[in-house]
Amino acid sequence: MILYGAGGHAKVIYDCLLSKGIHLAGVFDDNPDNTTFFDKTVFNNYHPDILRREKLIISIGSNKLRFNLSRNIKHDFGIVSHLSSWISERAEIAHGSMVLAKAIIQPEVRIGRHVIVNSGAIIEHDTAVDDFVHVGPGTVVCGGVTIGPGTFIGANATILPGVSLGAWSVIGAGAVVLDHVKNGSTIAGNPGKQII
Ligand SMILES: CC(C)(COP(=O)(O)OP(=O)(O)OC[C@H]1O[C@@H](n2cnc3c(N)ncnc32)[C@H](O)[C@@H]1OP(=O)(O)O)[C@@H](O)C(=O)NCCC(=O)NCCS
């Protein structure tokens with residue numbers, strides 16, 4: 001596996017690989033100041049021929065950056081899950097996505113491409129999570145929820161059953177979201193209210 005991104009989120013993804021004994025073959029990062037990642041040399045210029053048979057994960061927390069980078073990367077994308085996560089056999093996860101330590105994904109959940117389900121998050125049954133979403137640590141997404149592309153949900157939020165979160169919306173840490181959320185809006189608090 002190759003990682004693209006050598007920052008904080010990449011450290012967590014590396015732990016996921018280690019938990020399953022998956023070899024980290026290389027790391028790309030566009031920032032020339034990032035020259036090493038643990039014992040690995042970092043390639044500062046992406047090239048599709050470098051380690052081209054390896055699968056790649058964009059190990060960057062920002063949804064926008066993962067979205068932008070994914071359009072120019074030619075490697076095949078992999079899927080990463082920590083050994084301690086639990087993923088139903090009847091859930092679907094698309095390429096590029098990451099399921100971190102102790103996250104739970106229940107039956108009939110569909111996870112899109114380049115999604116992060118962060119540590120300890122729970123995605124309940126019959127929920128659809130679109131591409132480039134980040135579900136923060138400890139967040140609970142109840143059953144039958146729909147999450148639009150690019151949406152960021154902060155740590156320890158709760159999304160009530162059947163709610164739809166619009167595209168590229170932001171849910172604050174600890175928010176309790178009771179109602180549908182419009183595209184691009186920011187919701188915070190309990191009960192969740194639009195703040196931006
Ligand atoms: C919601 C959030 C994105 C807003 O960030 P922001 O646009 O920079 O907003 P500000 O910090 O300027 O706050 C705007 C207002 O919303 C309030 N607010 C911000 N975040 C809040 C939250 N999570 N819950 C309740 N109120 C919140 C602020 O107190 C402020 O209120 P005021 O105008 O009365 O002073 C951010 O605060 C947040 O919760 N991020 C989640 C971080 C996280 O969980 N990361 C996980 C990484 S793995």
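**View 1. The shell around the ligand splits evenly by class, with 7 nonpolar and 7 polar residues and no charged ones.** Here Ala, Val, Leu, Ile, Met, Phe, Trp, Tyr, Cys and Pro count as nonpolar, Asp, Glu, Lys and Arg as charged, and the others, Gly among them, as polar. There are 14 residues around the ligand, and the ones that come nearest are Gly154, Ala155, Gly172, Ala173 and Ala188. A residue makes the list if its C-beta atom, placed from the backbone, lies within 6 Å of the molecule. Keep in mind that this is a predicted model: local features need pLDDT of at least 70, side-chain atom pairs count only at pLDDT 80 or more, and totals for chains, interfaces and linings use all residues. Residue numbers start from 1 along each chain as its sequence is written.

**View 2. Five strands make an open, parallel sheet.** Reading across, the order of the 5 strands is E8-E11-E14-E17-E20, with parallel pairing. Strand E8 (92–93) and strand E20 (164–165) sit at the edges, each pairing on one side only. Zoom in on strand E14 (residues 128–129) and strand E17 (residues 146–147), and you get a parallel pair with 2 bridges. Ala128 has Thr146 in E17 as its bridge partner. Strands are DSSP runs (E, at least two residues), as are helices (H or I, at least four), numbered from the N terminus; two strands pair if DSSP finds at least two bridges between them.

**View 3. Domain 1 (2–70) meets domain 2 (80–188).** The bounds come from an automatic or database domain assignment. Between the C-alpha centres of domain 1 and domain 2 there are 23 Å. Domain 1 puts 13 residues into the contact and domain 2 puts in 15, where contact means C-beta atoms, placed from the backbone, within 7 Å. On the domain 1 side, helix H1 (8–19), strand E5 (56–58) and helix H2 (63–70) each chip in at least two residues. H1 gives the most, with 5 residues. By class, that side of domain 1 has 7 nonpolar, 4 polar and 2 charged residues.

**View 4. His9 sits in helix H1.** Is His9 buried or exposed? His9 is buried, because 21 other C-beta atoms lie within 10 Å; the cut-offs are 20 or more for buried, 12 or fewer for exposed and partly exposed in between, with C-beta atoms placed from the backbone. Skipping neighbours within four places in sequence, His9 is in contact with Ser59, Ile60 and Gly61. Asn118 is 109 residues away from His9 along the chain, yet their C-alpha atoms are separated by 9.9 Å.

How values were computed. Contact = placed C-beta atoms within 7 Å.
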